[in-house]
Amino acid sequence: MNTKELVCLAARLADEKKAENIQVIDLCGLSSLCEFVLIATATSKPHLDAVEEEISKKLKEQGFYKLNRDGRESNLWRVSDYGAFLVHIMTAQARDFYALDKIFSFGKVVDFTKPIKKTSTKTVAKTRTVAKKTVKKVTKKTVKKPTAKKKTAAKTTRPKAAKKTVRKK
């Protein structure tokens, strides 16, 4: 299952739990944060809990686990980080205030209700090959060997004049 399929599955799960105003935003190639963002509105704290738990449980069954989670005790907003995508479940009040839809407006909205076209194995293999080459280019670093410092002659210094001490008689 690819990332787009996973985030669309999460969106459909949120929809099944009666989350409102669900949006999946495609950020592929536009953000270093993640590839997709899922934003859903819940009506109350118990609703937040139910939507988050349903998504987490079903994705675990598919073998995908959260890398991080924030807002455990919050009545307004929960964030689950699945690496390639983030799930934001928030109340309408929090959603209006933080305006994540506007923040991520540069991304393309994905229709999660439509079935996702399967890519051919040739396309997937080609994509993996290109990705491997890109990773190799990025990870190869030119390391300069430290150059040995040339030994320079020690500076000649004049001997300090001896202090004259005067003895009192």
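## A mixed sheet, its helices and its side-chain contacts

Strands β3 and β4, the latter covering residues 77–81, pair in the antiparallel sense over 3 bridges. Within this pairing, N68 has D81 of β4 as its bridge partner. The structure described here is a predicted model, and the two strands belong to an open sheet of 6 strands with mixed pairing, in the order β3-β4-β5-β2-β1-β6. Because β3 (68–70) and β6 (108–110) stand at the edges and have a single partner strand each, one side of each is left without a neighbour in the sheet. On average, and with direction ignored, neighbouring strands of this sheet are turned by 20° against each other.

Helices pack on this sheet. Helix α1, residues 3–16, touches β1 (20–26), β2 (36–42), β5 (85–91) and β6, and its direction makes about 0° with that of β2. Helix α2, residues 45–61, lies across β2, β3, β4 and β5, and it runs at about 160° to β5.

### Salt bridges around helix α2

The whole structure contains 6 salt bridges according to the search, and K45, D49, E52, K66, R69 and R78 are linked in a network of such bridges. Three of the pairs are listed here with their distances.

| Pair | Distance, N to O |
|---|---|
| K45 and D49 | 3.6 Å |
| R78 and D49 | 2.7 Å |
| E52 and K66 | 3.3 Å |

K45 and D49 both lie in helix α2, where they are 4 residues apart, or about one turn of the helix. K45 counts as partly exposed, at 30% relative accessibility, and D49 is also partly exposed, with a relative accessible area of 29%.

D49 also meets the side chain of R78 in a salt bridge. Since R78 lies in strand β4 while D49 lies in helix α2, this pair ties together parts that are 29 residues apart in sequence. R78 is buried, with a relative accessible area of 1%, whereas D49 is partly exposed.

The salt bridge of E52 with K66 links distant parts of the chain, with E52 in helix α2 and K66 in the loop between α2 and β3, 14 residues apart. Here E52 is buried, with a relative accessible area of 4%, while K66 is partly exposed at 24%.

### Aromatic pairs

A search of the whole structure finds 4 aromatic pairs. In one of them, the rings of W77 and Y98 have centres 4.6 Å apart and planes at 40°, so the pair is tilted. This pair also links distant parts of the chain, since W77 is in strand β4 and Y98 is in helix α3 (residues 92–98), 21 residues apart. W77 counts as partly exposed at 21% relative accessibility, and Y98 is partly exposed as well, with a relative accessible area of 40%. W77 and Y98, together with F97, form one aromatic cluster.

Y82 and F85 form an aromatic pair that is stacked, with 5.1 Å from centre to centre and 15° between the planes. Y82 is buried, with a relative accessible area of 10%, and F85 is buried too, with a value of 3%.

### Nonpolar cores

F85 appears again in the largest nonpolar core, which has 25 residues, and it is listed with I22, V24, L38, I55 and L59 among those with the most contacts inside this core. The elements α1, β1, β2, α2 and β5 each supply at least two residues of the core, and its largest share, 8 residues, comes from α1.

V24 illustrates how residues far along the chain come into contact: leaving aside its neighbours within four places in sequence, V24 is in contact with V7, A11, F36, V37, L38, K108, V109, V110 and F112. Of these, V7 and A11 fall within the residue range of helix α1, and K108, V109 and V110 fall within that of the edge strand β6.

Apart from the largest core lies another one, of 10 residues, with L27, L86, L100 and F104 among them.

Terms used: Residues are numbered from 1 along each chain as its sequence is written. This is a predicted model: local features need pLDDT of at least 70, side-chain atom pairs count only at pLDDT 80 or more; totals for chains, interfaces and linings use all residues. Side-chain values use heavy atoms; hydrogens and water are left out. Two strands pair if DSSP finds at least two bridges between them. Axes are lines fitted to C-alpha atoms, for helices over the stretch in contact, and angles run from 0 to 180 degrees between N-to-C directions. Contact means heavy atoms within 4.5 Å. A salt bridge is a side-chain nitrogen of Lys or Arg within 4 Å of a carboxyl oxygen of Asp or Glu. Buried means under 20% relative accessible area, exposed over 50%, partly exposed in between (1.4 Å probe, protein chains only). Rings of Phe, Tyr and Trp (its six-membered ring) pair if their centres lie within 6.5 Å; planes under 30 degrees apart count as stacked, over 60 as edge-to-face and the rest as tilted. A nonpolar core is a set of buried Ala, Val, Leu, Ile, Met, Phe, Trp, Tyr and Cys residues joined through side-chain atoms within 4.5 Å.
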